[in-house]
Amino acid sequence: MLLSLWTAVWFVVAERHAAISWHYLRTGQQLLFSEIPGGGLALYANHPELQIGPVSFLVAGLFAPFSADVGEKLADAFMSGLGLYMLVLIGRAAADHNRGTGLNHKRLQQRVLIAGAAFIPMWVEVSVRFAHLDDVLALFFTTLAVRALVRGQATAVGVFLALAVDSKPWAVGFLPLLLALPRPSRLRSAAWAVGLVAIAWLPFYLTHLDTLAAARFTIPNQPASSLRWFGVHDPATPWWDRPAQMALGTVLGTLAVRRHRWPAVVFLAADARILLDPSVYTYYNASVLLGTLIWDSIGQRRLVPWVSWIALISLYGSALLVPSDSAQGFIRLAFGIGSAAYVLLWPQRTPRNRRRRRGGSRREGEGAEAGSR
């Protein structure tokens, strides 16, 4: 109830200047499904500025029968509601993940509530103010993948991660979640992910080779970007930037899984995005706050989820209160590097019951995995 009221407050604030980017979804949906010249499977070849996955255009079509204003408002409400549902999913995933460890569930609920209060402002930013349905769906499907991962549903993990990539390509950085699955089911899950990504994207590339141009689409390198602190002063996106974002996120996520810290995968991929992106739109922070929410709820056991609030204050607070572009870029850089180092390197205590289970025989461990599937 409290988070619903908190969401409503931010919704009212954001609605005054809402749906900045909704027209991209409407345009892309019409081009893809309405047989408009230059659309259909030629969509990305002719409109590389539409950096949006086909699944997002499909969902945007649900609002097409309504007038532009009504459809926009319904989409805003729909996306806001998804944020609240994601909080429920993460809370349940945290409870399942910590079952049998002696965790106080009331304390867990309090932790999710406090972290969720930091997450909501950035969720409303992406879902209402900017109306980026593609980012919303990518993060929503990734949350479903996290829930499925905790429940041991390997096929569902692959399907949901594929849908995330099919909604927004930068979600590739979340794929290391596949590595957190038990080894026997990992290959099956990866096959589903690769297959569904291919089904969604290959028709565009096979029928129109110019679709490759969409991957080279550039945006201005803004003065507040962290790239400036790496000595990158190109006026627009460097050719290597997008591949580097995905590669860095994937490498950091893989390292997190190898260090038994898979709840940090989303956080680290989002860090890679804000560190290397030439733009500094505030809606980018929604992916970071989802990452901190998952980390604080599932990867940590302390009552106060301070990582989420540091993220909100550092990234959103600096955008609102720090006038210097260079200083904003430095704060983004310091947060990205510092938070990545923290989640990967800071010593963590394993819950006593979980240590006892790890000390058992391999046969017992395999039985536990089988029982969770």
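This report walks through the packing, cavities and one pocket of a predicted model.

**Helix α8 and Ser-167**

Let's start with helix α8, which covers residues 154-167. Does its length fit what a helix of 14 residues should span? At 1.5 Å a residue the expected span is 20 Å, and the end C-alpha atoms sit 20 Å apart, so the two agree. As for exposure, α8 is mostly covered, with ten of its 14 residues buried. Those buried positions are Ala-154, Ala-156, Val-157, Gly-158, Leu-161, Ala-162, Ala-164, Val-165, Asp-166 and Ser-167. Among the elements that cover them are α4 (54-60), α7 (133-150) and α9 (183-207).

Ser-167 belongs to this helix. Its relative accessible area is 0%, and since buried means under 20%, Ser-167 counts as buried. Beyond its neighbours within four places in sequence, Ser-167 is in contact with Ile-52, Gly-53, Val-55 and Ser-56. The rest of its contact list is Asp-134, Leu-137, Ala-138 and Phe-141.

**The nonpolar cores**

Next up is the hydrophobic interior. The largest nonpolar core holds 106 residues, and the members that touch the most other members are Trp-22, Phe-119, Val-288 and Leu-290. Helix α7 provides the largest share of this core, at 13 residues. There's also a second, separate core of five residues, including Leu-227, Val-232, Leu-275 and Leu-276.

What does Trp-22 touch, once residues up to four places away in sequence are set aside? The partners of Trp-22 are Ala-60, Phe-63, Gly-71, Glu-72, Ala-75, Phe-130, Ala-131 and Leu-133.

**Two residues on α6**

Helix α6 runs over residues 105-129, and Leu-113 is part of it. Arg-111 lies in α6 as well. Buried or partly exposed: which is Leu-113? Leu-113 is partly exposed, with a relative accessible area of 33%. Arg-111, on the other hand, is buried, at 1%.

Both have partners from far along the chain. Leu-113 and Leu-2 are 111 residues apart in sequence, yet their C-alpha atoms are separated by 8.4 Å. Leaving out residues up to four places away, Leu-113 touches Leu-2 and Leu-3. For Arg-111 and Trp-306, 195 residues apart along the chain, the C-alpha separation is 9.7 Å. With neighbours within four places in sequence left aside, Arg-111 is in contact with Leu-103, Asp-296, Ser-297, Gln-300, Arg-301, Arg-302, Leu-303 and Pro-305.

**Helix α13**

Trp-306 brings us to helix α13, which spans residues 306-321. The buried residues here are Val-307, Ser-308, Ala-311, Leu-312, Ser-314, Leu-315, Tyr-316, Gly-317 and Ser-318. What covers them includes α1 (2-15), α6, α11, α12 (285-299) and α14 (325-345).

**Cavities and a pocket**

Now for the empty space. The structure holds two cavities of 30 Å³ or more. Here they are next to the second largest pocket.

| Space | Volume | Lining by class |
|---|---|---|
| Largest cavity | about 80 Å³ | four nonpolar, three polar, one charged residue |
| Second largest cavity | about 40 Å³ | four nonpolar, two polar, two charged residues |
| Second largest pocket | about 1000 Å³ | 25 nonpolar, seven polar, seven charged residues |

Around the largest cavity you'll find Trp-170, Gly-173, Gln-245, Met-246, Gly-249, Ala-269, Ala-272 and Arg-273. Helices α10 (241-258) and α11 (265-276) each supply at least two residues of that lining. The second largest cavity is bordered by Ile-274, Asp-277, Ser-279, Val-280, Tyr-281, Tyr-284, Asn-285 and Arg-332.

Which residues lie nearest the centre of the second largest pocket? Of the 39 residues in its lining, those are Gln-51, Ile-52, Lys-168, Phe-217 and Arg-242. The elements that give two or more residues to this lining are α2 (22-33), α9 and α10. Helix α10 gives the most, with four residues.

A couple of names turn up in more than one place. Ile-52 is in contact with Ser-167, and Ile-52 is also one of the residues nearest the pocket's centre. Likewise, α10 supplies residues to the lining of the largest cavity as well as to that of the second largest pocket.

Definitions and conventions:
Residues are numbered from 1 along each chain as its sequence is written. This is a predicted model: local features need pLDDT of at least 70, side-chain atom pairs count only at pLDDT 80 or more; totals for chains, interfaces and linings use all residues. Side-chain values use heavy atoms; hydrogens and water are left out. The expected span of a helix is 1.5 Å times one less than its number of residues. Buried means under 20% relative accessible area, exposed over 50%, partly exposed in between (1.4 Å probe, protein chains only). Contact means heavy atoms within 4.5 Å. A nonpolar core is a set of buried Ala, Val, Leu, Ile, Met, Phe, Trp, Tyr and Cys residues joined through side-chain atoms within 4.5 Å. On a 1 Å grid over the protein atoms alone, a cavity is a set of points where a 1.4 Å probe fits but cannot get out, and a pocket is an open set with protein on both sides within 12 Å along at least five of seven lines; lining residues have an atom within 4 Å of a point. Grid points are joined across faces, edges and corners, and a volume is the space filled by probe spheres set on the points. Ala, Val, Leu, Ile, Met, Phe, Trp, Tyr, Cys and Pro count as nonpolar, Asp, Glu, Lys and Arg as charged, and the others, Gly among them, as polar.
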